[in-house]
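Grab a coffee and work through these exercises with the model open beside you. Each one sets a task and then walks through a solution.

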Amino acid sequence: MDFSSKLLENAVNEMSRLPGIGKRTALRLVLHLLKQPKENTAYLSEALLHLRNDVKNCEKCHNISDTILCGICNNPKRNPAIVCVVEDIRDVMAIESTSQFHGLYHVLGGKISPIEGIGPRNLNIDSLIKKVKNGEITELIFALSSTMEGDTTNFYIFKQLEKFDITTSTIARGIAVGDELEYADEVTLGRSIINRIPFEQSIRG
């Protein structure tokens with residue numbers, strides 16, 4: 001791709017670093033920004049800078065937040081004894097959109113994947129085990145995607161916690177095997193939360 005401007009080329013190269021954005025899409029986005037009023041680009045730049053510099057991780061659940069504790073953990077109407085284990089914030093948003101879950105979350109920050117060099121120590125698993133040890137949790141719901149990595153992560157956590165007196169369940173397989181949670185429709189995902197099954201039953205099946 002030949003560029004008439006080095007500034008344009010640099011902007012396209014940076015934009016194309018984003019996941020799912022190829023050079024052609026990056027060029028289209030950059031040209032769109034050039035056609036907009038300058039203040040629009042300034043608003044975007046300012047929003048991204050504020051995000052990068054000021055965003056926090058909730059100290060309790062590791063969700064992305066503007067404050068030390070996220071709005072979900074700070075909500076007195078939520079049940080802190082039931083915790084839903086998810087991969088990242090996109091899964092929190094997907095489950096919240098169903099309005100069927102009223103407990104708290106624990107965001108792992110990924111899944112165990114030896115191929116990608118991601119082990120248990122790279123995830124927020126120790127803090128989850130600490131919550132269980134402290135008696136804060138009565139039920140743990142595994143809501144990772146139904147992939148090999150998701151199932152491996154679920155099983156690893158289950159083995160770490162099986163000696164504790166808590167209920168472990170997993171969302172019902174209304175979600176097709178291999179699907180990511182964020183792409184499930186709200187009705188299917190909501191029913192999967194409501195009709196969750198004991199985790200031991202899921203690994204026998």
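**Exercise 1. Work out which residues and elements line the largest pocket.**

Step 1: start at the middle. Of the 19 residues lining the largest pocket, Ala11, Met15, Val30, Leu33 and Leu44 lie nearest its centre.

Step 2: assign the elements. Helix H1 (6-15), helix H2 (23-35) and helix H3 (38-54) each give two or more residues to that lining. Helices here are DSSP runs of H or I with at least four residues, strands are E runs with at least two, and both are numbered from the N terminus.

Step 3: sort by class. The lining has 13 nonpolar, four polar and two charged residues. For this sorting, Ala, Val, Leu, Ile, Met, Phe, Trp, Tyr, Cys and Pro count as nonpolar, Asp, Glu, Lys and Arg as charged, and the others, Gly among them, as polar.

Step 4: add the volume. About 540 Å³ of space lies in the largest pocket, a volume being the space filled by probe spheres set on grid points joined across faces, edges and corners. The grid is 1 Å over the protein atoms alone; a pocket is an open set of points where a 1.4 Å probe fits, with protein on both sides within 12 Å along at least five of seven lines, and lining residues have an atom within 4 Å of a point.

**Exercise 2. Decide how far to trust the coordinates.**

Step 1: note the ground rules. This is a predicted model, in which local features need pLDDT of at least 70 and side-chain atom pairs count only at pLDDT 80 or more, while totals for chains, interfaces and linings use all residues. Residues are numbered from 1 along each chain as its sequence is written, and side-chain values use heavy atoms, with hydrogens and water left out.

Step 2: check the average. Mean pLDDT (the predictor's confidence in each residue, from 0 to 100) is 88 for the protein, and 85% of its residues reach 70 or more.

Step 3: find the extremes. Among the elements, S4 has the highest mean pLDDT (97), and helix H8 (residues 199-204) has the lowest (61). Where pLDDT is low, don't read the predicted coordinates in detail.

**Exercise 3. Compare the settings of three salt bridges.**

Step 1: apply the rule. A salt bridge puts a side-chain nitrogen of Lys or Arg within 4 Å of a carboxyl oxygen of Asp or Glu, and by this rule the count comes to six.

Step 2: take Glu14 and Arg17, whose side chains meet at 3.3 Å, N to O. Glu14 is partly exposed at 49% relative accessible area, while Arg17 counts as exposed at 65%. The cut-offs, with a 1.4 Å probe and protein chains only, are under 20% for buried, over 50% for exposed, and in between for partly exposed.

Step 3: take Lys111 and Glu87, which pair at 3.5 Å, N to O. This pair links distant parts of the chain, 24 residues apart: Lys111 sits in the loop between strand S4 (103-107) and helix H5 (126-133), and Glu87 in the loop between strand S3 (79-86) and helix H4 (89-96). Both Lys111 and Glu87 are buried.

Step 4: take Glu162 and Lys159, with closest N and O atoms 2.9 Å apart. Glu162 is partly exposed at 44%, and Lys159 is partly exposed at 40%.

**Exercise 4. Look up the unusual phi values.**

Step 1: recall the background. Most residues other than glycine have a negative phi.

Step 2: locate the exceptions. His62 has a positive phi of about 75° and lies in the loop between strand S1 (56-57) and strand S2 (64-65). Ser99 has a phi near 60°, in the loop between H4 and S4.
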